[in-house]
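I opened my notebook to look up a few side chains, rings and pockets, one entry at a time. Here is what I wrote down.

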Amino acid sequence: MTSDPRFYPGQIVEHLRFAYRGVIYLCDNEFGLTDDWYRQMAISRPPKNKPWYGVLVDQSHSTTYVAERNLMLSGDKSQIEHPDIGYYFETFDGREYAVRVLN
């Protein structure tokens, strides 16, 4: 049984375990990668039937794919520094990013 996502693209979040900030650019209602990826990368074995998110990691070129249970909204609402911000988002209003409509 899948559940509705708690977060949405444009929100600034923090990873609870690894303490990095980022912005959500992708939301899957349930795990969307391969079983091999899950076995290798999802060491804590978060549920596959709950939401997962693509996150642009602040002050890096990295992206991550994170289970909802490992994220919380960030209290730090300063802008995210990532080279792909302009690809996914149009503007920043001081709290979150507006998603760019891709044609």
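**Entry: histidine 82**

I started with histidine 82, where a polar atom of the side chain lies 3.0 Å from the backbone nitrogen of aspartate 84. This is a predicted model, so I read every distance here as computed from it. The side chain of histidine 82 also reaches the backbone oxygen of serine 62, at 2.9 Å. I then looked up where histidine 82 sits, and found it in the loop between β5 (71–73) and α2 (85–88). Is histidine 82 buried or exposed? Its relative accessibility is 9%, so I noted it as buried, the limit for that being under 20%.

**Entry: glutamate 68**

Next I looked at another loop residue, glutamate 68, placed between β4 and β5. Which backbone atom does the side chain of glutamate 68 reach? I found the backbone nitrogen of arginine 6, at 2.7 Å. I also wrote down a polar contact of 2.4 Å between the side chains of glutamate 68 and tyrosine 53. Glutamate 68 has a relative accessibility of 10%, so it counts as buried.

**Entry: valine 66**

I moved on to strand β4, where valine 66 is found. Valine 66 is at 4% relative accessibility and therefore counts as buried. I checked its C-alpha against that of valine 55: the two residues are 11 apart in sequence, and 7.4 Å separates them in space.

**Entry: the largest pocket**

I stayed with β4 for the pocket search, as this strand gives the most to the lining of the largest pocket, with 4 residues. I noted a volume of about 310 Å³ for the largest pocket. Which residues are the closest to its centre? Of the 17 that line it, they are His15, Phe18, Met41, Ala42 and Tyr65. Two elements give two or more residues to this lining, namely α1 (35–41) and β4 (63–67). I sorted the lining by class and got 11 nonpolar, 5 polar and 1 charged residues.

**Entry: aromatic rings**

How many aromatic pairs does the structure hold? I wrote down 14. In one of them, phenylalanine 31 and tyrosine 38 have ring centres 5.3 Å apart and planes at 75°, so I filed the pair as edge-to-face, a label for planes over 60 degrees apart. Both partners turned out to be buried: phenylalanine 31 is at 11% relative accessibility, and tyrosine 38 has a relative accessible area of 10%.

I then compared this with phenylalanine 92 and tyrosine 97, a tilted pair with 4.6 Å from centre to centre and 40° between the planes. Why do I list phenylalanine 92 as partly exposed? Its relative accessible area is 23%, and the partly exposed class runs from 20% to 50%. Tyrosine 97, at 5%, is buried. Phenylalanine 92 and tyrosine 97 also belong to one aromatic cluster, together with Tyr25, Tyr87, Tyr88 and Phe89.

**Entry: a lysine over a ring**

Last, I went back to tyrosine 38 and looked at what lies over its face. I found lysine 48 there, at 4.6 Å from the ring centre. Tyrosine 38 thus has two ring entries in my notebook, the edge-to-face pair with phenylalanine 31 and the lysine 48 placement.

Note on methods. Residues numbered from 1 in each chain as written. Predicted model: local features only at pLDDT ≥ 70, side-chain atom pairs only at ≥ 80, totals over all residues. Heavy atoms only, no water. Phe/Tyr/Trp six-rings, centres within 6.5 Å; stacked < 30°, edge-to-face > 60°. Buried < 20%, exposed > 50% of the residue type's maximum accessible area, 1.4 Å probe, protein only. Lys NZ or Arg CZ within 6 Å of the ring centre and 35° of its normal. 1 Å grid on protein atoms, 1.4 Å probe; cavity = no way out; pocket = protein on both sides within 12 Å on 5 of 7 lines; lining within 4 Å. Points joined across faces, edges and corners; volume = space filled by probe spheres on them. Nonpolar A, V, L, I, M, F, W, Y, C, P; charged D, E, K, R; others polar. Polar contact = N/O pair within 3.5 Å; in protein donor to acceptor, adjacent residues only side chain to side chain.
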